Amino acid sequence: MTFIRRRDAAVFVAGVGAILERISRTKSFADDLSVETPASPIFIYAINLDRCAERWQRLRAQAVQFGLNVVRVGAVDGRLVGEHERADFNQRQFVYHNGRKALAGEYGCYRSHIMALTQFVDSGDAAAIIMEDDIDLNERLIPRALAALEAVPSAGLIKLVNHRMVGFRRATESAERDVVGRCLHGPQGSAACYIVTRSAARKLLMTLRPMLLPYDVALERGWATGVGTFSTEGNLADFGPHRSETTIGKRSHYRAVKKHFILRASAHWFRTHDQLRRWLYALRARSGSRG
């Protein structure tokens with residue numbers, strides 16, 4: 001009897017130890033797909049290349065620090081996908097709209113965000129934040145993002161980080177005192193961090209296929225996607241130390257694939273027409289307005 005009690009006690013202690021070890025242990029980078037805590041109301045999907053382990057470890061530590069639910073989305077490395085193997089991509093149409101060929105990194109970015117949107121839609125959650133791994137997390141990101149979404153009933157997507165904000169038109173102010181609206185001029189640049197509803201994500205998965213534009217440009221074109229798209233006037237998160245270490249391409253790479261000015265006539269026409277549509281869209285930036 002004493003032996004049985006001791007054995008049961010040992011099993012109990014071992015079981016408790018195993019549970020605690022599962023909660024607190026540091027997983028290897030290859031197995032660490034998410035950092036989950038019950039404190040955060042929605043999930044953050046962080047896009048990260050396997051070769052950028054340091055970026056994920058930084059995000060992982062911040063997620064633990066601020067009690068955030070962060071899911072790692074393994075990014076597509078566009079360099080490993082041949083031009084003729086690219087899914088949802090039409091090179092000819094991309095050149096027509098942009099006046100140049102697509103960079104491998106641009107394709108990888110596009111496919112990675114499509115994967116993140118798909119994973120979010122499959123989760124069944126009502127909303128999520130999708131971000132790239134060069135953004136630093138903070139404890140007020142989710143409350144501010146949710147407040148911005150709540151402040152604009154017609155919004156399906158709100159960009160929380162932008163590179164450029166020219167001709168910003170205010171729609172409303174959130175309960176967290178963040179101003180939400182649209183820009184008269186663009187592209188604003190960056191798909192580094194945005195909050196999106198499930199219905200909007202499902203629509204994006206249909207309207208962003210095939211890839212005709214760089215993902216960050218296509219994302220903010222609410223007039224084309226049918227998703228009510230807005231931006232916060234100020235960035236709700238800061239870029240981390242890896243911002244300058246681009247995984248998409250440098251200016252020299254863009255210049256190398258650009259067509260002659262005359263051969264870019266179709267792209268100039270498209271951008272002029274798109275800018276007119278952007279103006280009209282921005283002028284409708286009222287809280288509760290459709291589109």
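Colleague: Let's start with Asp77: does the model count this residue as buried or exposed, and at what relative accessibility?

Modeller: Happy to begin there, and bear in mind that this is a predicted model. Buried means under 20% relative accessible area. Asp77 falls under that cut-off, so this residue counts as buried, with a relative accessibility of 14%.

Colleague: Which residue meets the side chain of Asp77 in a salt bridge?

Modeller: The N to O distance for this pair is 3.3 Å. The partner is exposed, with a relative accessible area of 57%, whereas Asp77 is buried. The residue you are after is Arg79.

Colleague: Which residue is linked with Asp77 and Arg79 in a network of salt bridges?

Modeller: Good follow-up! Asp77 and Arg79 meet through their side chains, and the network they belong to has one further name in it. That residue is Arg51.

Colleague: How many salt bridges does a search of the whole structure find?

Modeller: The Asp77 pair is one of them, and another joins the side chains of Arg170 and Glu173 at 3.6 Å, N to O. In that second pair, Glu173 counts as partly exposed, at 34% relative accessibility. The search of the whole structure gives a total of 16.

Colleague: How many residues apart are Asp50 and Arg72, the pair that links distant parts of the chain?

Modeller: These two form a salt bridge, with the closest N and O atoms 2.5 Å apart. Asp50 lies in the loop between E2 and H2, while Arg72 belongs to strand E3. Their separation along the chain is 22 residues.

Colleague: Of that pair, which residue counts as buried?

Modeller: The cut-offs settle this: buried is under 20% relative accessible area and exposed is over 50%. Asp50 has 54% relative accessibility, so Asp50 counts as exposed. At 7% relative accessibility, the buried one is Arg72.

Colleague: What is the handedness of the β-α-β crossover from E2 to E3?

Modeller: Strand E2 covers residues 43-48, and 5 of its 6 residues are buried. E2 runs parallel to strand E3 (residues 69-74), with 6 bridges joining them. Between the two, the chain passes through helix H2 (residues 53-66), and the crossover is right-handed.

Colleague: Which residue in E3 is the bridge partner of Ala46?

Modeller: We want a residue of E3, the strand that 6 bridges join to E2. The partner is also the residue that forms a salt bridge with Asp50. So, with 7% relative accessibility and counted as buried, it is Arg72.

Colleague: And in E4, which residue is the bridge partner of Ile47?

Modeller: Strand E4 (residues 127-132) runs parallel to E2, and 5 bridges join the two. The partner of Ile47 in E4 is Glu132.

Colleague: Which backbone nitrogen does the side chain of Thr197 reach?

Modeller: Thr197 is found in strand E8 (residues 193-197), and this residue is buried, with a relative accessible area of 16%. Leaving aside neighbours within four places in sequence, its contacts include Phe120, Leu149 and Gly156. At 3.2 Å, the side chain of Thr197 reaches the backbone nitrogen of Ala200.

Colleague: To finish, what share of the chain's residues count as buried?

Modeller: The chain has 10 helices and 9 strands. It exposes about 15100 Å², and carbon and sulfur atoms supply 53% of that area. Of the 291 residues, the share counted as buried is 49%.

Note on methods
Residues numbered from 1 in each chain as written. Predicted model: local features only at pLDDT ≥ 70, side-chain atom pairs only at ≥ 80, totals over all residues. Heavy atoms only, no water. Buried < 20%, exposed > 50% of the residue type's maximum accessible area, 1.4 Å probe, protein only. Helix = DSSP H or I, 4+ residues; strand = E, 2+ residues; numbered from the N terminus. Pairing = 2+ DSSP bridges. Right-handed = clockwise from strand over helix to strand, strands pointing away. Salt bridge = Lys/Arg side-chain N within 4 Å of Asp/Glu carboxyl O. Areas by Shrake-Rupley, 256 points an atom, 1.4 Å probe, with all protein chains shown as cover. Polar contact = N/O pair within 3.5 Å; in protein donor to acceptor, adjacent residues only side chain to side chain. Contact = heavy atoms within 4.5 Å.
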